[in-house]
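Trainee: Please take a close look at one part of this model, the place where the two chains touch. Set it against the build of a single chain first.

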There are 2 protein chains.
Amino acid sequence: MPKVGMQPIRRQQLIKATMAAIDEVGLADATVMRIARHAGVSAGIISHYFGGKDGLLEATMRQILSDLGTAVAARRRALADECPRAHLGAIIDGNFDRSQITGPVAKTWLAFWASSMHKPTLQRLQRVNDHRLYSNLCSQFRRLMPREEARRAARGLAAMIDGLWLRGALTPAGLDADRARRLAHEYLDQLLVTHPSSPLS
Amino acid sequence: MPKVGMQPIRRQQLIKATMAAIDEVGLADATVMRIARHAGVSAGIISHYFGGKDGLLEATMRQILSDLGTAVAARRRALADECPRAHLGAIIDGNFDRSQITGPVAKTWLAFWASSMHKPTLQRLQRVNDHRLYSNLCSQFRRLMPREEARRAARGLAAMIDGLWLRGALTPAGLDADRARRLAHEYLDQLLVTHPSSPLS
DNA sequence: TTTTATTGATTGAACGTTCAATAAAAAAAT
DNA sequence: ATTTTTTTATTGAACGTTCAATCAATAAAA
């Protein structure tokens, strides 16, 4: 089978297999052998393409964050409406796109969340992502209210998004994305209700 | 040193040492040796008092959940006011008491959260706790609004509490309990604003 | 003397990594 | 169009490490 140009294919395969393994038995029991078996390759190949298990885990987290960023950016680009409320809604919806990529991604995300507290490399990635969400929310709220109030609103909405998502990941039935979106949008409406809307809304 | 009646003392010591070890290096690297060293005893004693590492981890999670339940119950018992809003406020405040028991507890909690997805024993504990929070919130909201609306409110507030707490655990500076409480209370006020209050409030 | 508490060396299993060997494809030579 | 050579991809057994659990030995209290 050895063909040229396997690198991107195998990398993708192994990243997906990592999520599947974590979904199956959790990060603690996701051994290189189990991951390799999910991908249908041998264990040694992981060191070959990622330098080791840690490299694979980091690449997997990068993939998840990158997918999330893409989902949010796409929804914002598709907006006909430029008003802050529409942007904020798009950020919410984008964040719950993670559930389209469903179960495996959710469990992997939570596993990395816990793990990032003690692995500097993952911690950096996690913080960049956190700050991106907060910062996006903040700059939109800023167009509708004073700075301190905008910060409070951003912290609140970020917490609401993460909280809904966390509870969804822990529920055996998985996240009900529509219901979660609705709750987040209602909260957003309440945050905005005290502030006069832009002309369009 | 061997005295009689060591069991409760050692158990408490080892549970505390478990949280310290998880706070220090994470659940994955919290070996029995490291935990034992934190408690100033030998590794073998863990199997003696808890039947093994898993037993110690389960006991540690039980302790955390029990402390949380006690904190909430105490605040509710201390209420002069019987109105639903006061109870809901007490539930919020009780949940952010976890931060008094500070850093180690927060990290341990999050670690168990992730781990509980794949360990049936921990999962059971986690779900009982989840349901207790939801159910407490729900029955209070129920006194102010129709059932379906109460459920929505309970889901929202539970998500807000967990979200704030999660983000606090991940922040290097730790959770700002006062700020989190304030955000949760504001959200609660917004949830109740559409409903006429009871006589007292 | 009996009971209770504790130690720490030992054991066996499991893990990630390494590396020589292999096999297939691509390139070069005939 | 073959054959040979080179390159790339992959395997899987071996190695060294680490861990949880065990248990005979020990020591203090009862």
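Mentor: The model is predicted, and confidence varies along the chain: helix 2 (residues 32-39) of chain A has the highest mean pLDDT among the elements of chain A, 98, and helix 6 (residues 102-115) of chain A the lowest, 90. Over the whole of chain A the mean pLDDT is 92, with 94% of residues at 70 or more.

Chain A contains 9 helices and 0 strands. Its C-alpha atoms occupy a box of roughly 65 × 35 × 30 Å along the principal axes. Of its 201 residues, 40% are buried. Among contacts in chain A with a separation of 6 or more, 58% join residues 24 or more positions apart.

Now the contact itself. Chain B contributes 27 residues and chain A contributes 27 residues. On the side of chain B that touches chain A, two or more residues come from each of helix 6 (102-115), helix 8 (147-170) and helix 9 (177-192) of chain B. Helix 8 of chain B supplies the largest share of that side, 12 residues. Sorted by class, the side of chain B that touches chain A holds 15 nonpolar, 7 polar and 5 charged residues.

The nonpolar core is the other item to inspect. The largest one has 114 residues, and Leu157(A) and Leu157(B) touch the most other members. Leaving aside residues up to four places away in sequence, Leu157(B) touches Leu137(B), Tyr187(B), Leu188(B) and Leu191(B). As background, nonpolar side chains in soluble globular proteins tend to be buried together.

Note on methods
Residues are numbered from 1 along each chain as its sequence is written. Chains are lettered from A and ligands numbered from 1 in the order in which they are written. This is a predicted model: local features need pLDDT of at least 70, side-chain atom pairs count only at pLDDT 80 or more; totals for chains, interfaces and linings use all residues. Helices (H or I, at least four residues) and strands (E, at least two) are DSSP runs, numbered from the N terminus. A residue is buried if 20 or more other C-beta atoms lie within 10 Å of its own, exposed if 12 or fewer, and partly exposed in between; C-beta atoms are placed from the backbone. Two residues are in contact if their C-beta atoms, placed from the backbone, lie within 7 Å. pLDDT is the predictor's confidence in each residue, from 0 to 100. A nonpolar core is a set of buried Ala, Val, Leu, Ile, Met, Phe, Trp, Tyr and Cys residues joined through C-beta atoms within 7 Å. Ala, Val, Leu, Ile, Met, Phe, Trp, Tyr, Cys and Pro count as nonpolar, Asp, Glu, Lys and Arg as charged, and the others, Gly among them, as polar.
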